[in-house]
Amino acid sequence: MEELVKYVKTTIIKLIGLTCIVAAVLGAVGCQQYIFGWCIGSGLNIVYFLMLSSRSARAINLPPEQAASFIRGGAIFRLLMICLVCIIILQFPVIHFGAVVAGIFSYRVIIFADAIGKHVRGR
């Protein structure tokens, strides 16, 4: 359980850091129209990750079959939440939808960077 908490904390810090860095770069390059969408997408991604982490933490003490079922059951709610928020965001033409989607996928960038870092350190 301690490892899960440590992983969640470090990942949240990385996600917030990536959000701030990309927002700063977008501002410095003059792409201010994307910053709000990026921050919304990244925030939605962080909420999704926290919901997944919470569900995973509660499933630790369950037998493997029940744990998998328990986590899958929450997946529908998490995906539905993302879809509904995206539908709401589409109603606001000021928010760039591509930036929102990029922010939602920022966790994948963190995972990819971690994998590359582990591979490089392993050599």
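The exercises below follow one helix of a predicted model into a core and a pocket.

Local features here need pLDDT of at least 70 and side-chain atom pairs count only at pLDDT 80 or more, while totals for chains, interfaces and linings use all residues. Residues are numbered from 1 along each chain as its sequence is written, and side-chain values use heavy atoms, with hydrogens and water left out.

**Exercise 1.** Find how far helix α2 reaches from its first C-alpha to its last, and set this beside the expected span.

*Solution.* Begin with the extent: α2, a helix being a DSSP run of H or I with at least four residues, numbered from the N terminus, covers residues 32–59 and has 28 residues. The expected span is 1.5 Å times one less than the number of residues, which gives 40 Å, and the helix reaches 41 Å, close to that value.

**Exercise 2.** Place Trp38 of α2 in its surroundings.

*Solution.* Trp38 is among the buried residues of α2, where buried means under 20% relative accessible area with a 1.4 Å probe, protein chains only. Next, look at its contacts (heavy atoms within 4.5 Å): leaving out residues up to four places away in sequence, Trp38 touches ten residues' worth of neighbours listed as Leu18, Thr19, Val22, Ala23, Leu26, Ala99, Val100, Ala102, Gly103 and Ser106. 

**Exercise 3.** Determine which helix gives the most to the lining of the largest pocket.

*Solution.* The lining includes Asn45, Tyr48, Phe49 and Leu52. α2 gives the most, with four residues, while α2, α3 and α5 each supply at least two.

Technical notes. Buried means under 20% relative accessible area, exposed over 50%, partly exposed in between (1.4 Å probe, protein chains only). On a 1 Å grid over the protein atoms alone, a cavity is a set of points where a 1.4 Å probe fits but cannot get out, and a pocket is an open set with protein on both sides within 12 Å along at least five of seven lines; lining residues have an atom within 4 Å of a point.
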